[in-house]
Amino acid sequence: MLQFMSNGKNFSTENNSIEILEVLKALSLDGKKIIAAKLNGQLLDLSRVVDFGGEIEPVSVESDEGLEILRHSTAHLMAQAVENLYPGSKFGVGPAIKDGFYYDIDLNGAALTEQDLSKIEAEMRKLAGKAEKITREDLSKAAALEFFKARGDEYKVELVEAVDADTVSIYRQGDYVDLCRGPHVPDTSKIHNFKLLSLAGAYWRGDEKNKMLTRIYGTAFATPDELKDYLKRLEEAKLRDHRKLGRELDLFSLHEEGPGFPFFHPKGMAIMNTLIDFWRREHIKRGYQEIRTPQILDRELWLKSGHWDHYRENMYFTEIDEKPFAVKPMNCPGGILVYKTQLHSYRDLPIRMTELGVVHRHERSGVLHGLMRVRCFTQDDAHIYCEPSQIRDEVMKIMELDKYVYNDVFGFKYSVELSTRPENSMGSEEQWNAAENALKEALEISGTPYHINAGDGAFYGPKIDFHLEDCIGRTWQCGTIQLDFQLPERFDMSYIGEDGKEHRPVMLHRTILGSLERFLGILIEHYAGAFPYWIAPVQIKIIPVANEHVNYAKELSDEFLKSGLRVEIDTRDEKLGRKIRDAQLQKIPYMIVLGDKELANKNIAVRERSKGDLGSMSVDEFKNLLAQEFNPIH
RNA sequence: GCCGGCGUGGCUCAGUGGUAGAGCAGUGCACUCGUAAUGCACAGGUCAACGGUUCAAAUCCGUUCGCCGGCUCCA
C-alpha cells in the first residue's frame, strides 16, 4: 500500500506502484498549469511511476521550479528541431539558466546565422504542435555508454563517463533522445511561449583547449505576456547601453586608433571630476593620504613583486636606454617604494595610502567592451599597512565606506564574495589560512552576508569582492579588499614595534569604485543617462526665448558659473520648443527659460526635466531649490 | 585569442555586379518665436584598409583592422 499526503489531504492505493499524475488527480491537484510534481522534495515527471509514497506537491509552470523545467524542456525541443534541420548534429549540454536556456551543439560543419534562428523556431513550433510525449528511461551507466557510443554522440559519452552514479536517465520525444536528469514537461505541446535570441561560440566544457561548439540562446515563459515583458526589458536595456548614451550625451568616444583606450570628452570629464571630488573628500575624512606613482618602472621591480611570474601575460613592456621597463598593471609595487622611504613606527599604523592609479593591462581583443572592459583604466586604489591585529577593524572600515558609496550615495544593491586561494599562487598554506580567516571574521562580525568563491583569489592573497547590480540585473565587480602577506615579505617591509624591534606589516589592497571608467559606464546605465543633479555634466541649461534675451541669459550664466555650477546657454536661433526638446534629450536636470516676462520682473522661469514647468521664481528661490538637491559634496 | 555576425557622410540606416541615396545633425538665408522638432537652400562619402576575380565591385573572393553577441579571462 502506498500513501500520499498533501496539505492535510490524503490518498492511498493498494497497488505497489502508481503514476504521479494519478496521485495528483486523486488529490485534485492536477491542472493545465501543472507540469511536474515534488515527492518528498524530489522533482519528478508527471508520468513517473513510483513505488513509494510521501508528501506530494504539484509544480506549476508558473513557479520558479516549473519555469526552470519548462526552459529545460524548451532546450530539448530546440535540440530536436536542430537535429531535424541539421542531420548529424551532436549535442553537448543544454541547461536552463537565469532568464532562459541554451544548448551547445556541434553542427557537424554547418554554420548558423541569426536568420536561421527563425527557421529553427518554426521547426520547434511544428514539433510542439505534434504534442509528442516526453518519456523517461533509466539505464545502467554501461548501457548508456554503449547507447551513446553507438550513436556517435561523443559529448554525451563524455558526460555519462563523468556521472558519479550507477544509473542515468534518458528522455525521448519522437526520434529525439537526450541524456538528462529531468524532469520535463509531459509533452511538447506544453511549450508555447519561447524565442531564440542569439548565437555564440562556446568551448566544450568551458575549456579553451577544447573544440568550440555553437551555442544557441533562447528563453521561454509560462505566459505570452511574460515573454513579451521580457523581450521589452531587453529592448529597454539596449536604450540604456552606455556606449549608445556615451555618444548621444557626448561623454566619451572609442576609436580604432586606440582599441580599449577610451577618449573622454568635456562632459564625461565633468562627471569623472565630480566623482573624484566626492571620492577625495570621503577618503580625507577617513584618514587616507593620497600619493601618485610613475606609469613606467624598471622590470626588476616587477620581477621582485612577482608580477613577472604571475601577471606577465597582461603586461606591456618597453625599453629606456636599452634597459627593460614595464608599464604598470597595478599600483602596489610603486606604493611600497613610497612606504619604504621612511622608517615607520607602530604608532603610525595603520597607514592608509590612496592612489588614483592609471594602470594598463593587456586584455584579449575579444573581451573589450565599451568602458566596462578596457586596456587602460584608473583604479581608486589604496594600500593599508597595518599590524595583523588591526586587519579586522580596517576591513570593517572599508566595508562601511563601501556601503556608504554604493548604497547611500548611488542607490545600488550589491553582494559580497570571499575569494580563496587560486592555483599559481605565492605563499604558504598557513599564511593563506590565516589571511582567509581574518577576512571571514570581519565579514561575520559585521554581519555581512557573503558567499565563497573558491580558488578565485589574487595570486598574492584572498579577497573580498563587491558586486553591484545594474539596471538590467547584471552584476559588475567594483570594490575589492585583498589581504597580502606576500609583498611585505618580498620587499622586506618593516615597522618598529613597541619592543623596539623590526616587524613585518600586513598589507591590504582595496578599491571602492574599482575602475573609474567602468564605474562611469555602470552609472550611465544605472541612471539611463539622467544623472542626479549633483553629478550631471550640465546641471542647468539657460534658454533665452529670443535674441533680445541672450544678454540676460549671459549675466545669469556668469553668476551661476561663479558659484561653481555647471551651466550652458542655448543661443541658437531656434524656437523655444526646440531648445526645450534638445535640453530634455540631453537629460539636463534644470532648464531656465528667459523671455520678456522674466526680463521685466528680473526673475526666471524654471523647468525640471521630469516635473516639467515649475513656473517663475527669483534667482534666490531657485538657489534654495538647488540647495535641497541631494549633494554628497556639500 | 576562439566561434558567429557586422563595417556605406558626424549619427541612424537604404542600396547585393553597371559611374553613391534618405532622414537627423552641420552651414547659409528667412522667420523673432513662451515649455519636447519653423521653413527653404547648400555642403558633406576614394562605401574600414589592402589584394584578387570581372569589360565593370559598396555589392563576389581572400587577408588585415575595428566593432557587436558570446566563450575563456577580468577592475
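This briefing covers the fold, sheets, helices, pocket and cavities of chain A.

The model is predicted. Chain A contains 19 helices and 35 strands. Of its 634 residues, 50% count as buried. The C-alpha trace spans about 90 × 75 × 55 Å along its principal axes. Among contacts in chain A with a separation of 6 or more, 69% join residues 24 or more positions apart.

**The five-stranded sheet**

- Five strands make up an open sheet with mixed pairing. Their order is β2-β1-β7-β4-β5.
- β2 (9–13) and β5 (42–45) are the edge strands. Each of them pairs on one side only.
- From one strand to the next, the twist averages 35°.
- β1 (residues 2–6) and β2 run antiparallel and are joined by five bridges. Within this pair, F4 has F11 of β2 as its bridge partner.
- Helix α2 (residues 64–85) lies across three strands: β4 (34–39), β5 and β7 (54–60). The helix runs at about 120° to β4.

**The three-stranded sheet**

- A second open sheet has three strands, in the order β19-β21-β20. Its pairing is antiparallel.
- The edges are β19 (296–298) and β20 (316–320), each paired on one side only.
- Here the twist averages 40° from one strand to the next.
- Five bridges link β20 to β21 (residues 323–327) in the antiparallel sense. I320 stands opposite K323 of β21.

**Strand β22 and its partners**

- β22 covers residues 351–360 and is mostly covered. Nine of its 10 residues are buried.
- β18 (residues 289–290) runs parallel to β22 and is joined to it by two bridges. The bridge partner of E290 in β22 is T354.
- β22 also pairs with β23, in the antiparallel sense, over 10 bridges. In that pairing V359 stands opposite F377 of β23.
- In a regular strand, side chains alternate between the two faces of the sheet.

**Helix α5**

- α5 spans residues 154–162. Its buried residues are Y155, K156, V157, L159 and V160.
- An α-helix has 3.6 residues a turn, so residues three or four places apart point the same way.
- The cover over the buried residues of α5 includes two elements of helix and strand type, α4 and β13. It also includes the strands β8 (90–91), β10 (100–106) and β15 (212–221).
- K156, one of the buried residues of α5, is also in the lining of the largest cavity.

**The largest pocket**

- How much space lies in the largest pocket? The volume is about 1300 Å³.
- The pocket is lined by 45 residues. Closest to its centre are Y311, M330, R361, K463 and Q477.
- Six elements are named as giving two or more residues to this lining: α10 (307–311), β23 (376–386), β24 (413–419), β26 (463–469), β27 (475–484) and β30 (506–515).
- By class, the lining holds 14 nonpolar, 18 polar and 13 charged residues.
- β23 thus appears twice in this account: it contributes to the pocket lining, and it pairs with β22.

**Cavities**

- There are four cavities of 30 Å³ or more.
- The largest cavity holds about 40 Å³ of space.
- Which residues line the largest cavity? They are E83, F91, F148, R151, D153, K156, Y176, V177 and D178.
- α4 (141–151) and β13 (176–179) each supply at least two residues of this lining. β13 gives the most, with three.
- The lining of the largest cavity divides into four nonpolar and five charged residues, with no polar ones.
- α4 and β13 line the largest cavity, and both are also among the elements that cover the buried residues of α5.

Definitions and conventions. Residues are numbered from 1 along each chain as its sequence is written. Chains are lettered from A and ligands numbered from 1 in the order in which they are written. This is a predicted model: local features need pLDDT of at least 70, side-chain atom pairs count only at pLDDT 80 or more; totals for chains, interfaces and linings use all residues. Side-chain values use heavy atoms; hydrogens and water are left out. Two strands pair if DSSP finds at least two bridges between them. Helices (H or I, at least four residues) and strands (E, at least two) are DSSP runs, numbered from the N terminus. Axes are lines fitted to C-alpha atoms, for helices over the stretch in contact, and angles run from 0 to 180 degrees between N-to-C directions. Contact means heavy atoms within 4.5 Å. On a 1 Å grid over the protein atoms alone, a cavity is a set of points where a 1.4 Å probe fits but cannot get out, and a pocket is an open set with protein on both sides within 12 Å along at least five of seven lines; lining residues have an atom within 4 Å of a point. Grid points are joined across faces, edges and corners, and a volume is the space filled by probe spheres set on the points. Ala, Val, Leu, Ile, Met, Phe, Trp, Tyr, Cys and Pro count as nonpolar, Asp, Glu, Lys and Arg as charged, and the others, Gly among them, as polar. Buried means under 20% relative accessible area, exposed over 50%, partly exposed in between (1.4 Å probe, protein chains only).
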